[in-house]
Amino acid sequence: MKKTTPYFLLFILPFLIAFHSTLIHIDWSNLRDVIFKDKYYEEFDQYLLHPTFGQSVKDLENKEVQISGYIIPIEPQRYILSENPFSSCFFCGGAGPETVLELEMKSYDKTYFTDQYLSFKGVFKLNIDDIDKLNYLLQSAEEVDE
């Protein structure tokens, strides 16, 4: 006897997959569990902020997350997502390094402009040692509609 797949499974399967999604929606308050201390870097002959991440931030590492913020273009095809608009972001004073994350885009087929408020999803990574990158990275980042 030949077994066939019940047709209702074809209709319900996409809903089951969507319901089982591992995407975690976060906001900037989730990224505040970090302490920064000055650390001397001999190769640069200067002190830079060095992070010690709290457990709640560590728990997000390697997870797919979604977050919204303001775009800050750094150079062609290099973007930062900020909790605050450019005029009050980390780079211009008034905010800490926990209020920005670097977008490592899945595809660079779109251009973004300063202070666009957008949402992105991607794999959340922590950066402790590479001083050429921010402490928070969103790898394989993609813009999403909210």
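Here's a quick briefing on the fold, the surface and the nonpolar cores of this chain. Keep in mind that we're looking at a predicted model. The protein chain has 146 residues, of which 35% count as buried, and its secondary structure adds up to two helices and eight strands.

**Fold and contacts**
- Walk along the sequence and you get the pattern α-β-β-β-α-β-β-β-β-β.
- If you take the contacts in the protein chain with a separation of 6 or more, 59% of them come from residues 24 or more positions apart.

**Surface**
- About 9,600 Å² of the protein chain is exposed, and carbon and sulfur atoms supply 54% of that area.

**The largest nonpolar core**
- This core counts 24 residues, and the ones with the most contacts inside it are Leu31, Leu101, Leu103, Phe120 and Tyr136.
- Strands E2 (34-41), E4 (64-75), E5 (78-82), E6 (100-105), E7 (117-126) and E8 (136-144) are the elements that each give two or more residues to this core.
- E7 puts in the most, with four residues.

**A second core**
- Apart from the largest core sits another one, made of five residues, among them Ile80, Cys89, Val100 and Leu134.

**A look at Tyr136**
- What does Tyr136 touch, leaving out residues up to four places away in sequence? The list runs to Leu31, Val34, Phe53, Val57, Glu98, Val100, Leu101, Glu102, Phe124, Lys125 and Leu126.
- Two of those partners, Leu31 and Leu101, are also listed with Tyr136 among the residues with the most contacts inside the largest core.
- Another partner of Tyr136, Val100, belongs to the five-residue core.

Methods: Residues are numbered from 1 along each chain as its sequence is written. This is a predicted model: local features need pLDDT of at least 70, side-chain atom pairs count only at pLDDT 80 or more; totals for chains, interfaces and linings use all residues. Side-chain values use heavy atoms; hydrogens and water are left out. A nonpolar core is a set of buried Ala, Val, Leu, Ile, Met, Phe, Trp, Tyr and Cys residues joined through side-chain atoms within 4.5 Å. Buried means under 20% relative accessible area, exposed over 50%, partly exposed in between (1.4 Å probe, protein chains only). Contact means heavy atoms within 4.5 Å. Accessible areas come from the Shrake-Rupley method with a 1.4 Å probe; for residues, only the protein chains shown count as cover.
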